Amino acid sequence: MHHAFSIPMSRRDFMKLAGLTAVGAALGGASEQTKAEAGAAPPVPSVDFGEADLPVLYDTDVCVVGGGAAGTAAAVTAARKGAKVILVERGISLGGLATQGCVFPCMATYCYDSDTPYITDLNKRMERQGVPPLLGVDTDTYYGGGRGQYVPEYLSFVYDEMCEEAGVRILYNTSLIGAVIDGERIAACVVQTIEGLAKIQARIFIDGTGDALLSRFAGIPAEKGSEKTGRNQPMSLRFEMGGIDMGKLYHQFIIKGVKERGPFDKLAEDTLRKKGRPFLQFWKWKENEPFFRDGVTRGELTEDDIVYIQAFTITGKPTVMSMNCPEMPALNFSATDAVSFSEAVTFGRKMMRRLAGFFIRNIPGFEKAYIIREASMVGVRESWRIRGKYYMEAEDYLKAHHFPDAVCRTAYPIDIHDVKTEFSAKLKKGQYYEIPYRALVTNEISNLLVAGRCASGSFAAQASFRIQPTCMSMGEAAGIAAAWGLARGVEVNAVRWENIPKSERSYVSEG
Ligand SMILES: Cc1cc2nc3c(=O)[nH]c(=O)nc-3n(C[C@H](O)[C@H](O)[C@H](O)COP(=O)(O)OP(=O)(O)OC[C@H]3O[C@@H](n4cnc5c(N)ncnc54)[C@H](O)[C@@H]3O)c2cc1C
């Protein structure tokens with residue numbers, strides 16, 4: 001599926017209307033994007049909204065755009081370190097994919113001691129809400145790192161609380177739509193608020209949009225999709241089902257499945273039997289698993305529906321499961337093509353209905369179940385990534401590279417849903433790689449930090465660093481560096497993380 005994106009006016013008129021800034025001057029060639037061009041992504045034209053006349057909504061130290069795992073960590077941390085912080089979020093909850101996208105649970109990093117102080121604090125706060133981390137669950141699989149049960153409704157509440165305490169000003173229902181560039185600096189970002197257009201001036205900007213949107217407005221080189229296939233990772237449209245009889249599900253489906261089909265869900269079995277923890281999951285564990293394949297034969301499901309099926313119980317919601325599906329085929333839908341992206345939503349919603357109906361008809365315990373929540377944000381695993389001062393690659397994972405300016409560690413595998421074969425190698429237990437501060441800053445813009453899934457790296461590298469705990473640690477480091485640079489008059493792309501005193505860093509490499 002491909003469409004040409006064209007602006008419905010002559011290029012000349014468009015240029016006239018745009019009256020463009022330095023970034024806009026890079027418009028050439030940006031009018032048509034094809035998926036085959038993946039790899040380098042053309043810059044985004046930044047339209048002149050008459051910024052000179054726009055009201056200045058805030059003039060602040062740090063402006064963070066995007067309140068996902070990374071952006072929220074960056075905002076809270078910078079504010080805790082004394083900076084005045086504005087956090088711009090287009091939705092009405094912080095958490096990004098974790099809340100609006102119904103992504104649950106926070107994945108383990110598969111390495112010890114990866115939790116940076118922000119994560120430890122967040123986990124404690126979630127525990128106070130009655131949702132403890134998944135500590136001790138199957139230590140072979142879930143050793144170290146992450147494990148937070150970031151239940152969407154609790155997480156958005158806790159994030160508000162953290163921002164309030166730290167003094168972060170949140171601007172909800174506010175979308176970034178442009179940037180004012182002054183030489184090598186971002187002078188302001190242009191936002192659409194419920195009142196209309198406005199600008200936010202700041203000394204430092206942090207891009208936590210997941211889509212590198214602020215960076216692309218600022219002309220930072222960006223890439224999208226696999227360098228080989230041109231495709232983005234597949235998107236999902238997650239949902240939750242309630243009204244499930246968990247006892248019946250466990251005994252009549254999961255345990256029966258373990259006995260009849262082998263240890264397909266050791267985690268679930270171990271969890272209940274040995275640890276007594278109420279955590280259950282099932283997923284399609286074999287390529288041609290007959291239970292779901294029969295659903296296709298009977299016409300209840302399609303081939304697309306059964307490519308990826310996964311469900312988790314959620315502590316604090318005793319009859320609810322979070323569905324890590326449906327997954328819309330990457331071959332047909334792109335996370336970096338506005339029309340295709342929108343078509344994926346409609347397609348995904350139909351898949352969701354078929355899957356829910358199938359579960360209700362065929363899985364013991366689901367007889368009285370129903371959809372209680374569908375994601376309000378598409379589950380984008382990968383879209384655009386910047387090319388920063390350091391460009392992370394698969395080698396960094398495969399060779400377990402460490403860096404003096406590391407901001408966090410992880411051993412989460414290269415998890416590509418579309419093409420699995422190429423990087424199936426896993427680090428040995430105890431090994432990990434690190435993410436250098438230089439992957440969060442750019443050569444081109446001195447007052448910009450980029451954190452989260454759009455940080456600097458290849459398609460394969462991003463497939464590992466994209467999980468929530470790693471995004472949070474990157475955001476936390478960005479917040480520390482922003483406040484540090486600000487206090488000393490050092491541009492963030494000149495900050496040397498390794499020169500910040502150890503006691504003030506969230507992570508110190510052991511070399
Ligand atoms: C289906 C799926 C399942 C996953 N499963 C897991 C899992 O089990 N465990 C795990 O740890 N990770 C999982 N991940 C990965 C993880 O959820 C994400 O990679 C991570 O949350 C990314 O965080 P982020 O802050 O970089 O971006 P996001 O969470 O995408 O946040 C970006 C934020 O920016 C805002 N924003 C975007 N554009 C604008 C704009 N123009 N103006 C204002 N605001 C804007 C968005 O609204 C959003 O709040 C999964 C991802 C997907 C898609």
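Strand β2 (residues 56-65) runs parallel to β3, and the two are paired over four bridges. One of the residue pairs in this match-up is V65 with V88, its bridge partner in β3. Everything described here is read from a predicted model.

Strand β3 itself covers residues 85-88. Its side chains alternate: V85 and L87 point one way, I86 and V88 point the other way, and all are buried. Take V85 as an example. With 31 other C-beta atoms within 10 Å, V85 counts as buried, because the cut-off for that label is 20 or more. Setting aside residues up to four places away in sequence, V85 touches T60, D61, V62, V64, A75, A78, A79, V168 and R169. The chain also comes back to V85 from much further along: G167 is 82 residues away in sequence, yet the C-alpha atoms of V85 and G167 are separated by 7.5 Å.

After β3 comes a loop that leads to α3 (117-128), and P105 sits in it. The peptide bond joining F104 and P105 is cis, with omega at about -5°. D113 is found in that loop between β3 and α3 as well. Its phi is near 55°, which is a positive value in a residue other than glycine. D113 is exposed, with 12 other C-beta atoms within 10 Å.

A second cis peptide bond turns up between C325 and P326, where omega is near 0°. Here the proline, P326, lies in the loop between β13 (317-323) and β14 (327-328).

N173 makes a good companion to D113. Phi of N173 is near 50°, again a positive value in a residue other than glycine. N173 belongs to the loop between β4 (169-171) and β5, and with 12 other C-beta atoms within 10 Å it is exposed. Just beyond that loop, β5 is joined by seven bridges to strand β6 (residues 185-193), and the two run antiparallel. S175, for instance, has Q192 as its bridge partner in β6. The hairpin of β5 and β6 has two residues between the strands, and G183 takes a positive phi there, near 65°.

Now for the ligand. It is surrounded by 37 residues, of which the closest are G66, G68, G96, G210 and G452. The elements giving two or more residues to this shell are α2 (69-80), β5 (175-182) and α12 (468-488). Of the elements, α2 gives the most, with three residues. In chemical terms, the shell divides into 15 nonpolar, 15 polar and seven charged residues. Domain 1 (56-229 + 383-504) and domain 2 (235-374) both give residues to the shell, so the ligand lies between them.

Elsewhere, three strands make up an open sheet with the order β1-β8-β16, and the pairing is antiparallel. The edges are held by β1 (39-41) and β16 (384-386), each with a single partner strand, so one side of each has no neighbour in the sheet. On average, neighbouring strands of this sheet are turned by 45° against each other, direction ignored. Within the sheet, β1 pairs with strand β8 (residues 222-224) in the antiparallel sense over three bridges. A40 has E223 as its bridge partner in β8.

Last comes a residue in a helix. A356 has its place in helix α9 (residues 338-362). With 19 other C-beta atoms within 10 Å, A356 is partly exposed, because being buried takes 20 or more. Leaving out neighbours within four places in sequence, A356 is in contact with M241 and I371. The C-alpha atoms of A356 and I371 are separated by 7.2 Å, and the two residues are 15 residues apart along the chain.

Key:
Residues numbered from 1 in each chain as written. Predicted model: local features only at pLDDT ≥ 70, side-chain atom pairs only at ≥ 80, totals over all residues. Contact = placed C-beta atoms within 7 Å. Pairing = 2+ DSSP bridges. Axes fitted to C-alpha atoms, helices over the stretch in contact; angles between N-to-C directions. Near = placed C-beta within 6 Å. Nonpolar A, V, L, I, M, F, W, Y, C, P; charged D, E, K, R; others polar. Domains from an automatic or database assignment.
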